[in-house]
Amino acid sequence: MSTAGAPVQDTRSDKIVSACIYTALGLFCLAVLYPLVYVVSASVSNTKKVAAGEVWLWPVGFTLDAYKAVFDYKSIVSGFGNSVYYAVVGAVVATVLTLLAAYPLSRKGLPGKGLIMAAFVFTMMFSGGLIPTYLVVDKLGLLNTRWAIILPAALAVWNVIITRTYLMVTIPEELVEAGKVDGCSDFGFFWRIVLPLSKPIIAVNLLFYAVGQWNSFFNALIYLTNEHLFPLQVILRQILIQSKIDPSQMPDTSKLIQLKELQQQLKYSLIVIGMIPPLLVYPFVQKHFVKGAMIGSLKG
């Protein structure tokens, strides 16, 4: 009797390996999801219940006091708007520069390609340092401007390498030659052929740069003194600092304990406010993100 087409039965060892893999993945998912759920639950739970350790998974004594305390700060709205601006504009500028750098490096006929690539990689291992970078930003007249946040972080060499590899795999030299035969210029080929075929890697770059800008606060601390330009992360940091309590200034012990509990809950609410936008954006670019990252990491 022919056994062609019959389903292959898993051996005992296969089942054990599969069980181990599923168990490991389940534990990993639990390790990632539980802190997120706990932080959200703690941010809307009663401060006394959180301090007593009674919150394990779901909210206990639902309250929005921490969020009300956060949004009492008028600068929270401007900080949120600034962070959105830095993330969107910074991601677009950085992605454009990354594509313009990666595409020529992906082509075999570029003169001095190896030397240029070596110069890029060199900057990954060595940098001028904080003070020289600050002096450059100062001399360019960028201090206390939005460009002081966008331009210094406008290009990541690692993203250039991933994008270059993606273009090497996706855009073969034969396609370039065919474009030249049809009379297409280099810029025309890049605009009409390369960009439409590079949607996955563009999504990867946009996500990487946007999340990096959203989470960044150090550059704002260095280059900005105008509070109207502060991103959300700096505003949240200020709220935490301003909510610190000096016990020597609080003779009433019960009031001190209450403020300490609220301060602890403020941390959870601030974490939730800071992480919501990236979590909302990621599902829309997930399909392109996975494809672009996988293809871009195939070879160097």
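This report describes the fold, annotated segments, surface patch, largest pocket and selected residue contacts of a predicted model.

## Overall architecture

The chain holds 14 helices and zero strands. Read from one end of the sequence to the other, its pattern is therefore a run of α elements, α-α-α-α-α-α-α-α-α-α-α-α-α-α. Of the 300 residues in the chain, 34% are buried.

An unreviewed UniProt entry assigns the feature "transmembrane region" to residues 16-40, 84-103, 115-137, 149-169, 189-211 and 268-285. Two of these segments can be described by their backbone content. Residues 115-137 are 83% helix and 0% strand, with their end C-alpha atoms 27 Å apart. Residues 149-169 are 71% helix and 0% strand, and here the end C-alpha atoms lie 33 Å apart.

## Nonpolar surface patch and helix H4

A nonpolar patch on the surface is formed by Phe-80, Val-84, Val-88, Val-92, Val-96, Leu-97, Leu-100, Leu-155 and Leu-206. Together these residues present about 690 Å² of accessible area. Helix H4, spanning residues 75-105, gives the largest share of the patch, with seven residues.

Val-88 is one of the patch residues and is placed in helix H4. Its relative accessibility is 48%, so Val-88 counts as partly exposed, the exposed class being reserved for values over 50%. Tyr-85 also has its place in helix H4. Tyr-85 counts as partly exposed because its relative accessibility is 34%. The C-alpha atom of Tyr-85 is separated by 9.9 Å from that of Ala-210, although the two residues are 125 positions apart along the chain.

## Largest pocket

The largest pocket contains about 380 Å³ of space. It is lined by 15 residues, of which Thr-123, Ser-127, Pro-152, Leu-155 and Val-157 are the closest to its centre. Helix H5, residues 113-125, supplies the largest share of this lining, namely three residues. Leu-155 thus appears in two settings: it belongs to the nonpolar surface patch, and it is among the residues closest to the pocket centre.

Pro-152, another of the residues closest to the pocket centre, can also be related to helix H6. The C-alpha atoms of Pro-152 and Val-136 are 9.8 Å apart, with their positions 16 residues apart in the numbering. Val-136 lies in helix H6, which covers residues 130-139. With 47% relative accessibility, Val-136 counts as partly exposed.

## Salt bridges

The model has two salt bridges. Their closest nitrogen-oxygen distances are listed below.

| Salt bridge | N to O distance |
|---|---|
| Lys-49 and Glu-54 | 3.6 Å |
| Arg-107 and Glu-173 | 3.0 Å |

In the bridge between Lys-49 and Glu-54, Lys-49 is partly exposed at a relative accessible area of 32%. Glu-54 is likewise partly exposed, at 41%.

The side chains of Arg-107 and Glu-173 form the other bridge. This pair links distant parts of the chain, since Arg-107 is in the loop between H4 and H5, Glu-173 is in helix H9 (residues 173-181), and the two are 66 residues apart. Arg-107 is buried because its relative accessible area is 9%, where the buried class requires under 20%. Glu-173 has 23% relative accessibility and so counts as partly exposed.

## Further local features

Ala-51 is found in helix H2, residues 47-51. A relative accessibility of 56% means that Ala-51 counts as exposed. Ala-51 and Gln-265 are 214 residues apart in sequence, yet their C-alpha atoms are 8.8 Å apart in space.

Which backbone angle sets Asn-144 apart as a residue that is not a glycine? Asn-144 has a positive phi of about 60 degrees. Most residues other than glycine have a negative phi. Asn-144 is located in the loop between H6 and helix H7 (147-150), and it is partly exposed with a relative accessible area of 32%.

Note on methods. Residues numbered from 1 in each chain as written. Predicted model: local features only at pLDDT ≥ 70, side-chain atom pairs only at ≥ 80, totals over all residues. Heavy atoms only, no water. Patch = residues over 30% accessible without salt bridge, like charges linked within 9 Å, V, L, I, M, F, W, Y side chains within 5 Å. Areas by Shrake-Rupley, 256 points an atom, 1.4 Å probe, with all protein chains shown as cover. Salt bridge = Lys/Arg side-chain N within 4 Å of Asp/Glu carboxyl O. Helix = DSSP H or I, 4+ residues; strand = E, 2+ residues; numbered from the N terminus. Buried < 20%, exposed > 50% of the residue type's maximum accessible area, 1.4 Å probe, protein only. UniProt positions renumbered as here; feature names shortened; annotations may be inferred. 1 Å grid on protein atoms, 1.4 Å probe; cavity = no way out; pocket = protein on both sides within 12 Å on 5 of 7 lines; lining within 4 Å. Points joined across faces, edges and corners; volume = space filled by probe spheres on them.
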